[in-house]
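Biologist: Could you walk me through how the contacts in a protein model get their names? I'd like to see the reasoning behind each label.

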Amino acid sequence: MTDNAVVSRTPLTLLGAGAMGTALARAWLAAGHPVTVWNRTPARAEALAAEGATVAASAAEAVAANRLVIACLLDDASVGDALEGADLAGRDLVNLTTGTPAEGRDRAAWAEAGGARFLDGGIMAVPPMIGVADSGGYVFYSGSPELFEEHRDTLAVPAGARWAGADPGFAALHDVALLSAMSGMFAGITHAFALLRPENIAPKDFAPLLVDWLTAMAPAAHQTADQLESGDYTTNVASNLAMQVAGNATLLRTAEEQRVSPELLTPYMALMERRLAQGHGEEDGTGIVELLAQDAS
């Protein structure tokens with residue numbers, strides 16, 4: 001047996017047997033890992049017990065069972081509640097519970113005060129993607145570099161493992177930034193279909209056009225990154241902010257004609273108008289990043 005094979009079978013504890021936790025547990029069990037699982041509602045762990053997992057009677061018992069402890073619970077408060085009274089000394093705690101950057105940093109300090117090494121994680125996948133080769137799912141990790149390197153192979157079993165940095169908040173920050181971009185894309189998709197809704201246009205016929213168009217536009221993110229790093233927002237601008245703001249009037253009139261609310265569009269349009277009013281008409285939309293950051297400061 002090779003060293004890698006031994007590492008890949010590291011025993012671990014999983015706190016949480018919801019949809020994501022169950023998917024994670026099944027992936028580790030299928031790879032040959034001994035898994036101890038705990039869930040606040042014991043019945044939810046019964047299916048995993050039938051598949052070979054050991055079910056602990058309490059979170060403290062589950063933590064005591066293995067050095068590597070992974071939490072996948074409802075929220076950060078649930079993690080604190082579950083681990084209250086558990087002995088974390090000498091444990092490697094990996095928190096895959098969705099949270100904010102500040103929660104990740106606070107949880108890291110809390111875990112380290114209890115004698116544990118800590119990683120925070122941001123899962124970029126839905127449960128059906130977990131344990132499926134080439135699904136595209138992965139997890140951001142940040143916190144203890146030593147913990148990540150030691151358990152990298154084990155962590156990569158359910159989904160790809162991507163290092164986000166030693167700052168424990170960076171996994172959540174990457175996670176939420178990508179999810180926020182996704183939300184904006186979904187808003188645009190929703191508005192587009194709403195425009196077509198009153199007409200004799202089959203949504204299934206329009207969907208491929210929408211996917212192709214969004215795919216063609218997505219690489220604009222690279223130009224935004226280049227401009228942010230250089231500080232020059234006027235280089236290689238194909239459609240400047242002044243042109244875009246003028247074009248927004250057509251988008252709004254079309255929404256009115258189609259009897260579609262513009263409320264998914266107007267917040268972004270308002271920001272564009274404010275940036276233009278500040279005298280940045282020759283830029284593209286990159287300067288709006290600064291506008292948002294100033295508003296948040």
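Modeller: Sure, let's begin with a rule: a salt bridge is a side-chain nitrogen of Lys or Arg within 4 Å of a carboxyl oxygen of Asp or Glu. And keep in mind that this is a predicted model.

Biologist: Okay, why is the pair of Glu283 and Arg275 called a salt bridge?

Modeller: Their closest N and O atoms are 3.0 Å apart. The cut-off is 4 Å, so the pair passes.

Biologist: How do you know that Glu283 is buried?

Modeller: Glu283 has 7% relative accessibility, and buried means under 20%, so the label fits. Its partner Arg275 is buried too, with a relative accessible area of 5%.

Biologist: How many salt bridges does the structure hold?

Modeller: Nine. One of them joins Asp76 and Arg107, with the closest N and O atoms 3.1 Å apart. Asp76 lies in helix H5 and Arg107 in helix H6, so this pair ties together parts that are 31 residues apart in sequence.

Biologist: Are Asp76 and Arg107 buried or exposed?

Modeller: Asp76 comes out at 17% relative accessibility, so it counts as buried. Arg107 counts as buried as well, at 9%. The charged end of Arg107 also sits over the ring of Trp110, 4.5 Å from its centre.

Biologist: What makes Arg105 partly exposed?

Modeller: Arg105 has 34% relative accessibility. Partly exposed runs between the 20% and 50% limits, so that's where the residue belongs. Arg105 forms a salt bridge with Asp167, the closest N and O atoms being 2.8 Å apart. That pair links distant parts of the chain: Arg105 is in helix H6, while Asp167 is in the loop between strand S8 and helix H8, 62 residues apart. Asp167 is partly exposed, at 25%.

Biologist: Now for rings. Why is the pair of Tyr141 and Phe148 called tilted?

Modeller: Their centres are 5.7 Å apart and their planes are at 45°. Centres within 6.5 Å make a pair, and an angle that is neither under 30 degrees nor over 60 counts as tilted, so the name follows. Tyr141 is buried, with a relative accessible area of 1%, and Phe148 is buried, also with 1%. Together with Trp163, Tyr141 and Phe148 form one aromatic cluster.

Biologist: Which residue lies over the face of Tyr138?

Modeller: That's Arg162, at 3.7 Å from the ring centre.

Technical notes. Residues numbered from 1 in each chain as written. Predicted model: local features only at pLDDT ≥ 70, side-chain atom pairs only at ≥ 80, totals over all residues. Heavy atoms only, no water. Helix = DSSP H or I, 4+ residues; strand = E, 2+ residues; numbered from the N terminus. Buried < 20%, exposed > 50% of the residue type's maximum accessible area, 1.4 Å probe, protein only. Phe/Tyr/Trp six-rings, centres within 6.5 Å; stacked < 30°, edge-to-face > 60°. Lys NZ or Arg CZ within 6 Å of the ring centre and 35° of its normal.
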